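User: Please explain how the labels given to parts of this structure follow from the computed values. I should like each value set against its cut-off.

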Amino acid sequence: MNTTHTRPLRRRLGLAAAGSLVLVAMTAGPAAAHAEVTASDPRALAENVTLSFTSEAESDTAGISELRVVLPTGITPDAVTLKDAPKEWKLTPTPDGYAVGGAALATGTDAEYSITVRQLPDAKSLAFKTLETYGDGKVSRWIEVPTGGEKVDNPAPVLDLKAAASGAKPIAPSTSPTPSTVPSAQPSTAAAAAPPASAASTEKDTGSRTGAVVGVAAAVVLLAVGIVWWLRRNRGRGQA
């Protein structure tokens, strides 16, 4: 065997292998932290669906304390309820979605929680833009929505939906006002025309007093007339 030609070939193969390892190391690296969402029934117009979210911790100095989510078109804050979350975490509706959070988790611990949605909209995919807030105030923004298959640096959690089930229809939005917003009933015309009980009583008392005064005055007048008549009669008899 000709070793003169074998050695350069081995050298070239070795360099190629080394270069491949370096390329793999450069492109692989640690996976970037991100947020994800899954559904118990990922179909358009599905009802009472559980959405489960996972936000990976990316801070080495603090834990996640809050996740604020912007809901996609077709899901309103009042259609969302908290199903499961870290201990003592609570859900608070916001004008465009909700925030779920509480005491900061241990550093390096992923935040996992789930919500129940009254009904998913009739769409092909749903993006849940998420802001992760850490105990030290750091904020990670997972709000980019890829389009056309392109990759983004901070992708929002996206849920792909299947076609709606046969016969599925949108649920009419709730229109029942909450007790705190129920307007007071306007009084009816009859009720408005009738005087209050206290006013009626006052008017009755006033009328009674007026009648009594008129009666007394009439009696006084009659008495005076009688006295005058009696005096004239007696005077006439005396002169006779």
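User: Why is Asp 96 called partly exposed?

Analyst: In this predicted model, Asp 96 has a relative accessible area of 33%. Buried requires under 20% and exposed over 50%, so a value of 33% places Asp 96 in the partly exposed class.

User: What makes the contact of Asp 96 with Arg 68 a salt bridge?

Analyst: The closest N and O atoms of Arg 68 and Asp 96 are 3.5 Å apart. The cut-off between a side-chain nitrogen of Lys or Arg and a carboxyl oxygen of Asp or Glu is 4 Å, and the pair therefore qualifies as a salt bridge. Arg 68 lies in strand 3 (residues 64-70), whereas Asp 96 belongs to the loop between strand 5 (90-94) and strand 6 (97-101), so the pair ties together parts that are 28 residues apart in sequence. Arg 68 is also partly exposed, with a relative accessible area of 33%.

User: How many salt bridges does the structure hold, and which residues meet at 2.8 Å?

Analyst: The structure holds two salt bridges. At 2.8 Å, N to O, the side chains of Arg 43 and Asp 41 meet; this distance is within 4 Å, so the term salt bridge applies. Arg 43 has a relative accessible area of 32% and is partly exposed. For Asp 41 the value is 21%; since buried means under 20%, Asp 41 counts as partly exposed.

User: Why is Ser 65 called buried or exposed, and where is its place?

Analyst: Ser 65 has its place in strand 3. Its relative accessibility is 15%, and the limit for buried is under 20%, so Ser 65 counts as buried. Not counting residues up to four places away in sequence, Ser 65 touches Trp 89, Gly 101, Gly 102, Ala 104, Thr 133, Tyr 134 and Gly 135.

User: How do you know the class of Thr 81, and which residues does Thr 81 touch?

Analyst: Thr 81 lies in strand 4. A relative accessibility of 45% is neither under 20% nor over 50%, so Thr 81 counts as partly exposed. With residues up to four places away in sequence not counted, Thr 81 touches Ile 115 and Thr 116. Thr 81 and Val 117 are 36 residues apart in sequence, yet their C-alpha atoms are 6.8 Å apart in space.

User: What makes strand 4 and strand 7 a pair?

Analyst: Strand 4 and strand 7 are joined in the antiparallel sense over four bridges. Pairing needs at least two bridges, so these strands pair. Within this pairing, Val 80 stands opposite Val 117 in strand 7.

User: How do you know that strand 2 pairs with strand 1 and with strand 7?

Analyst: Strand 1 (residues 35-39) and strand 2 (residues 47-55) have five bridges in the antiparallel sense, which meets the requirement of at least two. Val 37 stands opposite Phe 53 in strand 2. Strand 2 and strand 7 (residues 111-119) run antiparallel and are joined by eight bridges, so the same requirement of at least two is met. Thr 50 has Thr 116 in strand 7 as its bridge partner.

User: Why are strand 1 and strand 4 called edge strands, and what is the order of the sheet?

Analyst: The open sheet has four strands in the order 1-2-7-4, with antiparallel pairing. Strand 1 and strand 4 (80-84) each pair on one side only, and are the edge strands. From one strand to the next, the twist averages 30 degrees.

User: What makes the largest nonpolar core a core, and which residues have the most contacts inside it?

Analyst: Membership requires a buried residue of a listed nonpolar type, joined to others through side-chain atoms within 4.5 Å. The largest such set has 27 residues, and Leu 51, Tyr 98, Ile 115 and Phe 128 have the most contacts inside it. Strand 2, strand 3, strand 6 and strand 7 are the elements that give two or more residues to this core. The largest share, four residues, comes from strand 7.

User: Which residues is Tyr 98 in contact with?

Analyst: Leaving aside neighbours within four places in sequence, the contacts of Tyr 98 include Phe 53, Leu 67, Val 80, Leu 91, Tyr 113 and Ile 115. Arg 68 is also among them.

Notes:
Residues numbered from 1 in each chain as written. Predicted model: local features only at pLDDT ≥ 70, side-chain atom pairs only at ≥ 80, totals over all residues. Heavy atoms only, no water. Buried < 20%, exposed > 50% of the residue type's maximum accessible area, 1.4 Å probe, protein only. Contact = heavy atoms within 4.5 Å. Axes fitted to C-alpha atoms, helices over the stretch in contact; angles between N-to-C directions.
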